[in-house]
Amino acid sequence: RSLVRAGGGGEVSGSNGTAVAADRALVDAVTAFLYDESAALDEHRPQDWLDLLTEDFEYLVPLVEIYEDPARSPYHPTTFLDHESKGGLALKLLRAASDYAWAQRPTGFLRHFVGNVRVMGTAERPDDVVVRSNVLVTWTRDPEPTRQMSAGRLDHVRRTDDGFRLSRRTVFLDTAHPHAAQLWVVY
């Protein structure tokens, strides 16, 4: 049985400090879920993406602060550039798909490249899986140049009777000075 441990950014653990390595079948299933979830965004299917979220979903983008001490995390623990619920993201995404989102006309090309997926379970909530991944998002709309945005993600994926659902996503931007496209995109 193959075990996958969390890496790159610290050990993932639950509230009681216990982390459980995931088996290969779980890693493959969760990775496939993340690919399908990203495809819904890339293919401009906002309702399909929203259907992959739990009702209590949270989307967080912490403020980045640069420190002299390289051992200190650059991500602020309580201040966010974006903190959304499922309802808030529904308003944002469904409005962008409407006839009234003139700033979204013509529609641009969006691509999510998800990699370095590391899956951990938690002992206290066996139906929840903690996932770290990296994402590169490209956005292009002629005649503007292509924008590339990279970030790390910390996802909480919940097993439900309807399959996996995303219950929380924290996005760690790779810049202290994000431009508008970096804050508009859903990672």
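Two strands pair if DSSP finds at least two bridges between them. On that rule, Tyr 59 has Arg 169 of strand β8 as its bridge partner. This is a predicted model. Its chain has 4 helices and 8 strands. Strand β8 is a good place to start: 9 of its 11 residues are buried, so the rest of the structure largely encloses it.

**Overall layout**

- Along the sequence, the elements follow the pattern β-β-α-α-β-β-α-β-β-β-β-α.
- The chain has 187 residues, and buried ones make up 44% of them.
- Take the contacts between residues at least 6 apart in sequence: 58% of these join residues at least 24 apart.
- About 10,200 Å² of the chain is exposed, with carbon and sulfur atoms supplying 53% of that area.

**Strand β8 and its partners**

- Strand β8 spans residues 163–173.
- Strand β3 (residues 53–64) runs parallel to β8, and 4 bridges join the two.
- The link between Tyr 59 and Arg 169 is a bridge to β8.
- Strand β7 (residues 147–160) pairs with β8 in the antiparallel sense, over 10 bridges.
- A hairpin of 2 residues connects β7 to β8.
- Within β8, Leu 166 stands opposite Val 157.
- Thr 170, also in β8, stands opposite Leu 154.

**Strands β6 and β7**

- β6 and β7 run antiparallel and are joined by 12 bridges.
- The hairpin between β6 and β7 passes through 6 residues.
- Arg 132 has Leu 154 of β7 as its bridge partner.
- Leu 154 therefore has two partners to note: Arg 132 and, in β8, Thr 170.**Nonpolar core**

- The largest nonpolar core has 38 residues.
- Those with the most contacts inside this core are Val 30, Trp 49, Tyr 59, Val 119, Val 131 and Tyr 187.
- Helices α1 (24–42), α2 (46–50) and α3 (86–96) are among the elements that each supply at least two core residues.
- Strands β3, β5 (109–122), β6 (128–140), β7 and β8 also each supply at least two.
- Helix α1 gives the most to this core, with 7 residues.
- Beyond its neighbours within four places in sequence, Val 30 is in contact with Val 119, Val 129, Val 131 and Phe 164.
- Tyr 59 appears twice in this account: as a core residue with many of the contacts there, and as the bridge partner of Arg 169.

**Aromatic rings**

- The structure has 4 aromatic pairs.
- One of them joins Tyr 75 and Phe 172 edge-to-face, at 4.9 Å centre to centre with 65° between the planes.
- Tyr 75 lies in strand β4 (residues 75–85) and Phe 172 in β8, so this pair ties together parts that are 97 residues apart in sequence.
- Is Phe 172 buried or exposed? Phe 172 is buried, because its relative accessible area of 18% falls under the 20% cut-off.
- Tyr 75 counts as partly exposed, at 21% relative accessibility.
- Elsewhere, the charged end of Arg 72 sits over the ring of Tyr 67, 3.6 Å from the ring centre.

Conventions
Residues are numbered from 1 along each chain as its sequence is written. This is a predicted model: local features need pLDDT of at least 70, side-chain atom pairs count only at pLDDT 80 or more; totals for chains, interfaces and linings use all residues. Side-chain values use heavy atoms; hydrogens and water are left out. Buried means under 20% relative accessible area, exposed over 50%, partly exposed in between (1.4 Å probe, protein chains only). Rings of Phe, Tyr and Trp (its six-membered ring) pair if their centres lie within 6.5 Å; planes under 30 degrees apart count as stacked, over 60 as edge-to-face and the rest as tilted. A charge sits over a ring if NZ of Lys or CZ of Arg is within 6 Å of the ring centre and within 35 degrees of the ring normal. Contact means heavy atoms within 4.5 Å. Accessible areas come from the Shrake-Rupley method with a 1.4 Å probe; for residues, only the protein chains shown count as cover. A nonpolar core is a set of buried Ala, Val, Leu, Ile, Met, Phe, Trp, Tyr and Cys residues joined through side-chain atoms within 4.5 Å.
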